[in-house]
Amino acid sequence: MTKNQVKMWIVGLLAGGSLLACSPKEIQTGNLNVIPLPQEITETADASPFVIRSSTTICYPEGNAKLEHTAHLLATYIKEVTGTEVKTGTKAGKNCIVLGLDPSIPQKEGYILNITSDQVILNGQTEAGVFYGTQTIHKALPITEGKALGSLPAGTVKDFPQYGYRGFMIDVGRHFFSIDYLKELIDVMALHNINYFHWHLTEDQGWRIEIKKYPKLTEIGSVRKETITAPGSGKFDGTPVKGFYTQSQAKEIVAYAAERFITVIPEVDMPGHMLAALASYPELGCTGGPYEVATQFGVFKDVLCGGNEKTLQFAKDVINEIMDIFPDAPYIHIGGDECPKTEWKKCPKCQAKIRELGLRDTKEHSKENQLQVYFMSEVEKEIAKRGKKMLAWDEILEGNPDPQTTTVMAWTGVPASIRSAQLGHQTIVCPITHLYFSNPGYNRLKGVNSVGRVYNFEPASPKLTEEEKENIIGVQGCIWTEWTKDSVKMEWQMMPRIAALSELQWSNPAQKDLNSFLKRLRHQLDLYALSGYHYKEDIEDVTISAGPQGEGGEAVVSLTTFDNAPVFYTTDGSEPTAESPVYTQPFTLKGETTTIKAKAIRNGRESSTATTTLEYNLATMRPITLNCTPDAGFTYKGAQLLVDGLTGDDNYRSGRYLGIYGQNFDAVVDLQEEKEISSVSIGTYLVPGDYIFGLTGLEVYVSEDGKNFHKIASKSIPTLEKGSKNNVLKREEISFNKTKAHYVRIVGKNTPVLPQWHPGAGKKTFLFLDEIAIQ
Ligand SMILES: [Zn+2]
């Protein structure tokens, strides 16, 4: 706003007596490059924008209730973003946003948005397409909140989704979330063009949906007496967790979602993850109980009995009531994951059923796994009777199910989605490694690392043929709530990674570009803030990176933010403020240990302080070459990571560690002149649970010419013992008599295979290394 405009604003304020009565003169124009990025955007150069004014009307075809509702929703979005209250009606004309249907648009969910200064025309092949077009308008408008008029740039958007199934899953079994709060989360999904809400309704720790035929499921099964305080703590909080949805509340969610063109997919997980049901009806289990609603998390051996006709009838009855509540769901999810067969192997009923069915162990599929497929396929027949499809987690593949009737949700990893698609199953991709937004390890990733990991994921693996890729029908993000008790955590786990997810689901993979995405992300974060959502704010922190410059160990340091915000920094260890130097370009540090602190300040709002100490030793910022090949997923900037002065942190996925799989570490550091040395050390990060072991030996060689090396020291290191802790930083050091060296070769022996005590015994191990120190 110019000073004159401010004056007019104040005059208007005084004359009108209130903020609402005054009409601002300034016009701000938005941007059609929204998230998820539309397929095709053509901006009309030099044309005037379409200005949203209180006289603007959103028009819908008379008699079309869906578009009428969509028009009202769009009016709400416009009010929230620009502060302008627009009208809705059925008489189209100038100054209107005209919603309509155009059957010539080829894609079912496709839309065409045509913007001129006079009128906005938004057509979809279906009402769903129109809805996605209104979401584009919603996100393309500038956030002015009444301080200026908002306008849409003149142009055309032709858009349609990459995938027909665009899902998000929320687990309400481990922790209960209210109907009102779920509606807010459905709004977040709608903002990202998501069209399936996968509602995980039952768990070992709580049954959350009313089933009229089995009232104890909610009387008993929806309450657990307490919860373990942390993984493996053995301590319990003494606080009951309870809650369930009545059938009419669940229908309310279905209706709310449907108004946003989101279909709810209910999940009743069976035959595993059923302790809450077993606690309610012990006769459904193999032993008859007694059972208790679980108070800790994990996989439990007590599951539904696979050989009891009454149990099967229970499953069918429950699924039939579920289908009454969710009549529009094309899929019914019946879980099928994490179902140990411990009890089935001992249970006379299960074994009798196996004999009756003539099931035999095969090389690939045990007879108990085949019994699970029998159980699930019996339930599937109920689902098929009502014209719906069964959806299940990828463990179902263990029993060789029919690809015609089983849609697979591939969660265990990328290999599962590849296998499922190759076997001919319709497959929804949601690997724990990229799209489980509640995974603690990946939650510790920060900023661009966190969002980029999702964004750079490829749902249709390049290992699939074009024909097999057709079986990948969708992509989904998941939040499990073992450790998600409140809205703050729920929201920062979702946002902003759901924005990256939405581009995997919707946008054209050929246009995938992380930098372009990050440029568009700023506005999306502002929309989250406008709605009061708690997004993960470390995306706004400063990234400090350092690399060598010339000879002599000089380092060049750069300080970046994803949105090029103003950065203030210090190099003397003091806290940066708005008075500190402003970062303008990379700066040089001479070979001494320095602490850099940096902070971004956006419109007076400060990010957290990023702190990094660049620690110097003889190897720091010197040339290094590798004689081994790091794992492709953990290479980052390569060998230079090991001598960049930045010590590894408490997360092996952070980009600070070099990961090596099944090989020894072998590297040569060029000290660039002859130096006297007496010790070498290297940091290792140990996570035996993730197959990440330490060094079993260290050798040091020196050379004058970089060709002829001789060994000067070696030592062996014991293999990790059973019970070794995860997430441990360990520095391995080797000292020797003072020696002159120009080149130093360091060989680190990997643990060849996982030891006998490890669940993966015999498999190769990972080695995660950072920062070589030569003194
Ligand atoms: Zn049994």
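Here is a chat between a student and a tutor about this predicted model.

Student: How much pLDDT does the chain average?
Tutor: Let's start with the predictor's own confidence, since this is a predicted model. At least 70 is the score reached by 97% of the residues. Averaged over the chain, pLDDT is 94.

Student: And where does pLDDT stay under 50?
Tutor: Look at the beginning of the chain. The stretch in question has 17 contacts beyond four places in sequence in the model. It is residues 1–21.

Student: Into which domains is the chain divided?
Tutor: Follow the numbering along the chain. You meet domain 1 (3–159), then domain 2 (165–537), then domain 3 (541–613), and finally domain 4 (624–774).

Student: How far apart do the C-alpha centres of domain 1 and domain 3 lie?
Tutor: Domain 1 covers 3–159 and domain 3 covers 541–613. Between their C-alpha centres the distance is 41 Å.

Student: Which residues have the most contacts inside the largest nonpolar core?
Tutor: That core has 159 residues. Helix α4 (residues 179–191) gives it the largest share, nine residues, and the core draws at least three residues from each of domain 1 and domain 2. Apart from it lies another core, of 31 residues, Leu642 and Leu769 among them. Back in the largest core, the residues with the most contacts are Trp199 and Trp207.

Student: What does tryptophan 199 touch?
Tutor: Leave out residues up to four places away in sequence. What remains is Ile170, Val172, Leu182, Tyr245, Ala250, Ile253, Val264, Ile265, Pro266, Glu267 and Phe326.

Student: Which residues are the protein donors of the zinc ion?
Tutor: In sequence they are spaced C-x18-C-x41-C-x2-C. Each donates through its SG atom, 2.3 to 2.4 Å from the zinc ion. The donors are Cys286, Cys305, Cys347 and Cys350.

Student: What arrangement do the four donor atoms make around the zinc ion?
Tutor: Check the angles, which would all have to lie between 85 and 135 degrees for a tetrahedral call. Around the zinc ion they run from 106 to 113°, so the arrangement is tetrahedral.

Student: How far apart in sequence are the parts that cysteine 286 and cysteine 305 tie together?
Tutor: Both cysteines are buried. Each of them lies in the loop between α7 (275–280) and α8 (309–325), so the parts that the pair ties together are apart in sequence by 19 residues.

Student: Is threonine 82 buried or exposed?
Tutor: Threonine 82 sits in helix α2 (residues 65–82). Beyond its neighbours within four places in sequence, its contacts include Leu141, Pro142 and Thr144. With a relative accessible area of 1%, threonine 82 is buried.

Student: In which strand is threonine 407?
Tutor: Threonine 407 has a relative accessible area of 2%, so it counts as buried. Among the residues it touches are Tyr331, Met390 and Ile473. Its place, within residues 406–410, is strand β20.

Student: What covers the buried residues of α12?
Tutor: First pick out those residues: in helix α12 (residues 414–422) they are Ala416, Ser417, Ile418, Ser420 and Ala421. After the helix comes glycine 424, with a positive phi near 95°. The cover over the buried residues includes β20, β21 (427–429), α16 (466–469) and β22 (472–479).

Student: What kind of peptide bond joins isoleucine 35 and proline 36?
Tutor: Most peptide bonds are trans. Proline 36 lies in the loop between β1 (27–29) and β2 (40–43). Omega for the bond from isoleucine 35 is about -5°, and the bond is cis.

Student: Where is proline 496?
Tutor: This proline also comes with a cis bond, from methionine 495, and omega is near 5°. Its place is the loop between α17 (487–494) and α18 (497–506).

Student: Is asparagine 193 buried or exposed?
Tutor: Asparagine 193 lies in the loop between α4 and β12 (196–200). Its phi is positive, near 60°. Given a relative accessible area of 1%, asparagine 193 is buried.

Student: And asparagine 603, is that buried or exposed?
Tutor: Asparagine 603 has a positive phi too, near 45°. You'll find it in the loop between β27 (594–602) and β28 (605–606). Its relative accessible area is 86%, so asparagine 603 is exposed.

Terms used. Residues numbered from 1 in each chain as written. Predicted model: local features only at pLDDT ≥ 70, side-chain atom pairs only at ≥ 80, totals over all residues. Heavy atoms only, no water. Core = buried A, V, L, I, M, F, W, Y, C linked by side-chain atoms within 4.5 Å. Buried < 20%, exposed > 50% of the residue type's maximum accessible area, 1.4 Å probe, protein only. Helix = DSSP H or I, 4+ residues; strand = E, 2+ residues; numbered from the N terminus. Domains from an automatic or database assignment. Contact = heavy atoms within 4.5 Å. pLDDT = per-residue confidence, 0-100. Donors = N, O, S within 2.8 Å, 3.2 Å for Na, K, Ca; no water. Tetrahedral: all angles 85-135°; square planar, octahedral: opposite > 155°, others 65-115°.
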